[in-house]
Amino acid sequence: MAKTTETAPMRIVEETPAYWKVVFDYPPFNIVDEDVFQALQDLLVRMDTSESLRVVVFESAIPDFYLAHFDLTGKLGNIMTAIGASGLPILMDTFVRLTKSPVVSIAKIRGCARGVSSEFVLACDMRFASRENTRLGHPELGVGLHPGGGGTERLPHLVGRGRALEIVLSANDFDGDTAGTSRRRTGRLRRSSCLQDRFLRPACPCRREESRESGLVAVGRQAPECLHLFW
């Protein structure tokens with residue numbers, strides 16, 4: 001039986017020792033504030049100290065919002081100034097540590113993921129989005145800012161410099177199909193060659209980096225057909 005840790009703004013469901021599901025559940029919009037970053041910081045400690053964990057899948061309990069942008073009403077706390085374990089401010093520290101974690105991180109996206117939430121999914125190892133209900137984008141330039149949480153650094157590596165400039169400078173939303181075709185990577189999760197060829201083959205249990213397949217098999221078996229790989 002799965003073990004669930006109920007802690008706002010997200011809950012952690014330990015489906016198996018190797019596979020955890022993290023559900024953002026912060027009504028009404030999953031808006032990002034200091035509580036979200038503290039929860040992510042705590043999760044990263046658990047991820048990096050677990051001996052059995054191989055895969056974490058991030059999803060949302062709110063149909064129209066995967067994660068929103070920052071709470072600009074004053075609930076950001078010290079995430080821009082306090083220093084995290086990597087030596088960077090908490091905002092960047094969280095995303096850098098997620099990227100460098102030995103645990104595979106997968107964003108399973110339905111709904112809006114704009115601004116800092118787009119930067120969060122960019123920091124994950126893989127991103128899968130609903131064709132029917134996904135909106136991604138970086139609206140910061142529309143209010144005279146720029147993506148400051150790693151968007152301008154990670155996006156060009158995934159979609160190329162020209163496409164990244166289009167995404168950032170237009171401040172437009174992009175649906176799941178558009179994001180998927182940006183790299184011609186619209187294969188569904190169950191059929192994704194990168195999963196089948198790299199992660200789903202037998203592995204030596206003594207090497208953590210090669211024993212992730214047990215968690216990814218569980219993810220693949222549960223993945224709905226409407227999800228596809230993008231960016």
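This is a chat about the aromatic pairs, cores, pockets and cavities of a predicted model.

Biologist: Before the details, how many helices and strands are there in the protein?

Modeller: Eight helices and nine strands. Keep in mind that the model is predicted.

Biologist: And what percentage of the residues is buried?

Modeller: Of the 231 residues, 50% are buried.

Biologist: What about contacts between residues at least 6 apart in sequence, how many join residues at least 24 apart?

Modeller: That share is 68%.

Biologist: OK, on to rings. How many aromatic pairs does a search of the whole structure find?

Modeller: Eight. Take phenylalanine 24 and phenylalanine 58 as one of them: the ring centres are 6.0 Å apart and the planes sit at 15°, so this pair is stacked.

Biologist: Where in the chain are those two?

Modeller: In distant parts of it. Phenylalanine 24 belongs to strand S3 (residues 19-24) and phenylalanine 58 to strand S4 (residues 55-60), which puts them 34 residues apart.

Biologist: Are phenylalanine 24 and phenylalanine 58 buried or exposed?

Modeller: Both are buried. Phenylalanine 24 also pairs with phenylalanine 120, and that pair is edge-to-face, with 5.6 Å from centre to centre and 85° between the planes.

Biologist: Which parts does the pair of phenylalanine 24 and phenylalanine 120 tie together?

Modeller: Strand S3 holds phenylalanine 24 and helix H3 (residues 116-123) holds phenylalanine 120, so the pair ties together parts that are 96 residues apart in sequence. Phenylalanine 120 is buried, as is phenylalanine 24.

Biologist: Which residues form the aromatic cluster?

Modeller: Phe24, Phe58 and Phe120 are in it, along with Phe37, Tyr66, Phe70 and Phe95.

Biologist: Now the nonpolar core. How many residues does the largest one have?

Modeller: It has 38 residues, and Phe37, Phe58, Tyr66 and Phe120 are those with the most contacts inside it. Helix H1 gives the most to this core, with seven residues.

Biologist: And what is in the second, separate core?

Modeller: That one has eight residues, among them Leu122, Leu155, Val159 and Val168.

Biologist: Switching to voids. How many cavities of 30 Å³ or more does the count come to?

Modeller: Two. The largest cavity holds about 40 Å³ of space, and the second largest about 30 Å³.

Biologist: Which residues line the largest cavity?

Modeller: From the aromatic cluster you get Phe37, Phe95 and Phe120. The rest of the lining is Val32, Val36, Leu40, Leu67, Val116 and Ser117. H1 and H3 each supply at least two residues there.

Biologist: How does that lining divide by class?

Modeller: For the largest cavity there are eight nonpolar residues, one polar and no charged.

Biologist: And what lines the second largest cavity?

Modeller: Leu40, Leu43, Leu44, Phe58, Thr94, Leu98 and Phe120. H1 and helix H2 (90-100) each supply at least two residues to this second largest cavity, and H1 gives the most, with three. By class the lining has six nonpolar residues, one polar and no charged.

Biologist: Which residues turn up in the linings of both cavities?

Modeller: Leu40 and Phe120 are in both linings.

Biologist: Right, pockets. How much space lies in the largest one?

Modeller: About 270 Å³. Its lining has 15 residues, and His69, Phe70, Glu140, Leu145 and His146 lie nearest its centre. Phe70 is in the aromatic cluster too.

Biologist: How many residues of the largest pocket's lining are charged, polar or nonpolar?

Modeller: Two are charged, four polar and nine nonpolar.

Biologist: How much space lies in the second largest pocket, and what lines it?

Modeller: There is about 160 Å³ of space in it. Its lining includes Thr5, Thr7, Ala8, Pro9, Met10 and Ile12, and also Asp35, Gln38, Ala39, Asp42, Leu43 and Arg46. Strand S1 (3-7), strand S2 (10-16) and helix H1 (34-49) are the elements that give two or more residues.

Biologist: Which element gives the most to the second largest pocket?

Modeller: H1, with six residues. By class, that lining splits into six nonpolar, three polar and three charged residues.

Biologist: So where does H1 give the most, looking back?

Modeller: In the lining of the second largest pocket, in the lining of the second largest cavity and in the largest nonpolar core.

Notes
Residues are numbered from 1 along each chain as its sequence is written. This is a predicted model: local features need pLDDT of at least 70, side-chain atom pairs count only at pLDDT 80 or more; totals for chains, interfaces and linings use all residues. Side-chain values use heavy atoms; hydrogens and water are left out. Rings of Phe, Tyr and Trp (its six-membered ring) pair if their centres lie within 6.5 Å; planes under 30 degrees apart count as stacked, over 60 as edge-to-face and the rest as tilted. Helices (H or I, at least four residues) and strands (E, at least two) are DSSP runs, numbered from the N terminus. Buried means under 20% relative accessible area, exposed over 50%, partly exposed in between (1.4 Å probe, protein chains only). On a 1 Å grid over the protein atoms alone, a cavity is a set of points where a 1.4 Å probe fits but cannot get out, and a pocket is an open set with protein on both sides within 12 Å along at least five of seven lines; lining residues have an atom within 4 Å of a point. Grid points are joined across faces, edges and corners, and a volume is the space filled by probe spheres set on the points. Ala, Val, Leu, Ile, Met, Phe, Trp, Tyr, Cys and Pro count as nonpolar, Asp, Glu, Lys and Arg as charged, and the others, Gly among them, as polar. A nonpolar core is a set of buried Ala, Val, Leu, Ile, Met, Phe, Trp, Tyr and Cys residues joined through side-chain atoms within 4.5 Å. Contact means heavy atoms within 4.5 Å.
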